[in-house]
Amino acid sequence: DKLKRGLKKTKNTITERIDQVLVSFGKIDEELFEELEEILITSDVGIETSMKIIEDLKKKVKETKTTDPKGVKKLLKEELSEILGTSNSKLNIETKPSVIIVVGVNGVGKTTSIGKIANVLKSQNKKVVLAAADTFRAAAIDQLEIWAERVGVDIIKHSEGADPGAVVYDAVQAVKSRNADVLICDTAGRLHTKKNLMEELKKIFRIIDRELPECSKETLLVLDATTGQNAISQAKTFGEAVGVTGIVLTKLDGTAKGGIVIAISSELNIPVKFIGVGEQADDLQPFNSTEFVEALFS
Ligand code: GDP
């Protein structure tokens, strides 16, 4: 299926290399654990998380009195499932209306993810309004409009350079008057003017809090899986500035380093809600840790 295909590159680096190592070792020793740790680190699981996984794996090997290297694979799979935990990919959109604010650095796949999420919600018979609040780039407004047309949802936009707060304000009024279910806000992502960007985002949040005080709000941070450990530092920056309630991890199909999912889950304490495994509208999947580990080890 799509998930398996999307994780193919990662599977090739993690699982196939693990298999090779386990077959080539006659016994379980320190060197074997070092090889496994190296594989995890090269697939972007992160140094700390990889060390923790291997430490726990050693304990599991001891407890189960495993002596055959081939038996280690099952234990590693168990350990990865535990590290990922039980995922909750459900969006907090309980109230009508509710708001999803989508943040992230330019190029990570923010617009595409908004289009895909709008598509999912539309298919659940929800009335969606998009707010084109990345007014910094004309292309961002145009692209969001293309997605709105493709999916068949409303969009509120102003011209390039307009006040993003004004776009959001208008979008909120449209949501109210059209009796819509969900407002999805695109936002700017020019990180080189970090301070201004964070101020702009905070203003958007203030307007939404003021205009829709009682509604459910979800702040999704979009991260590009191909940027590896950079994604972790972006999550920290946005998390501190605006608070993030969920992560959308895009382009997993384009990387052999899908171990970043494991690093994010264990280091950030923010749930991964969606993963992107391709460019089409149905290539965004709710993240399920069990299915993820199964696809990786199948
Ligand atoms: P934005 O600048 O963050 O809004 O990024 P865009 O939404 O414009 O996406 C940048 C590029 O990444 C586009 O070419 C998208 O088609 C592509 N993209 C987004 N998500 C995925 C994904 O999950 N897989 C792949 N392969 N490409 C993606």
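A residue counts as buried when its relative accessible area is under 20%. Keep that cut-off in mind on this tour of a predicted model.

**Stop 1: strand 2**

Select residues 128–133, which make up strand 2. How many of the residues of strand 2 are buried? The count is 6 of 6, so by that cut-off strand 2 is mostly covered. Now look at its two faces. Val 128, Leu 130 and Ala 132 are buried on one side. Val 129, Ala 131 and Ala 133 are buried on the other.

Next, show the neighbours of strand 2. Strand 4 runs parallel to strand 2, and 6 bridges join the two. Find Ala 131 and look across to Cys 185 in strand 4, which stands opposite. Strand 3 also runs parallel to strand 2, joined by 3 bridges. Here, Leu 130 has Ile 155 as its bridge partner.

Add helix 7, residues 138–151. Helix 7 lies across strand 2, strand 3 and strand 4. Its direction is at about 170° to strand 2.

**Stop 2: the whole sheet**

Colour the strands one by one. In what order do the 8 strands lie? The order is 3-2-4-1-5-6-7-8, in an open sheet with mixed pairing. Strand 3 (154–156) and strand 8 (284–286) are at the edges. Each has a single partner strand, so one side of each has no neighbour in the sheet. From one strand to the next, the twist averages 25°.

Select strand 5 (residues 217–224) and strand 6 (residues 246–250). They run parallel and share 5 bridges. Leu 223 sits opposite Leu 249 of strand 6.

Now add helix 6, residues 110–123. Helix 6 packs on the sheet, and the strands it touches include strand 1, strand 5 and strand 8. Its direction makes about 175° with that of strand 4.

**Stop 3: Gln 285, at an edge strand**

Go to Gln 285 in strand 8. Is Gln 285 buried or exposed? Its relative accessible area is 17%, so Gln 285 is buried. Leave aside the neighbours within four places in sequence, and show the contacts that remain. Gln 285 touches Lys 2, Leu 3, Lys 273, Phe 274, Ile 275 and Val 277.

**Stop 4: Ala 166**

Move to helix 8 (residues 164–177) and pick Ala 166. With 27% relative accessibility, Ala 166 counts as partly exposed. Draw a C-alpha to C-alpha distance from Ala 166 to Ala 133, and it comes to 8.5 Å. In sequence, these two are 33 residues apart.

**Stop 5: helix 5 and helix 11**

Two packed helices are described by an angle and a distance between their axes. Select helix 5 (residues 72–84) and helix 11 (residues 260–268). Their axes are 8 Å apart and the packing angle is about 50°. The two helices are therefore oblique to each other.

Show side chains at the contact. Helix 5 brings Leu 80, Ile 83 and Leu 84. Helix 11 meets them with Val 261, Ile 262, Ser 265 and Ser 266. The contact has 5 nonpolar, 2 polar and no charged residues.

**Stop 6: helix 12**

Finish with helix 12, residues 289–297. At its start, find Asn 288. A side-chain oxygen of Asn 288 comes within 2.9 Å of the backbone nitrogen of Thr 290. Then select the buried residues of helix 12: Ser 289, Phe 292, Val 293, Ala 295, Leu 296 and Phe 297. What do the buried residues of helix 12 pack against? Show helix 1 (2–6), helix 2 (8–24), helix 5 and helix 11 to see their partners.

How values were computed
Residues are numbered from 1 along each chain as its sequence is written. This is a predicted model: local features need pLDDT of at least 70, side-chain atom pairs count only at pLDDT 80 or more; totals for chains, interfaces and linings use all residues. Side-chain values use heavy atoms; hydrogens and water are left out. Axes are lines fitted to C-alpha atoms, for helices over the stretch in contact, and angles run from 0 to 180 degrees between N-to-C directions. Helices (H or I, at least four residues) and strands (E, at least two) are DSSP runs, numbered from the N terminus. Angles under 35 degrees count as roughly parallel, over 145 as roughly antiparallel, 65 to 115 as roughly perpendicular and the rest as oblique. Contact means heavy atoms within 4.5 Å. Ala, Val, Leu, Ile, Met, Phe, Trp, Tyr, Cys and Pro count as nonpolar, Asp, Glu, Lys and Arg as charged, and the others, Gly among them, as polar. Buried means under 20% relative accessible area, exposed over 50%, partly exposed in between (1.4 Å probe, protein chains only). A polar contact is a pair of N or O atoms within 3.5 Å; within protein, one must be able to donate a hydrogen and the other to accept it, and residues adjacent in sequence count only if both atoms are side-chain atoms. Two strands pair if DSSP finds at least two bridges between them.
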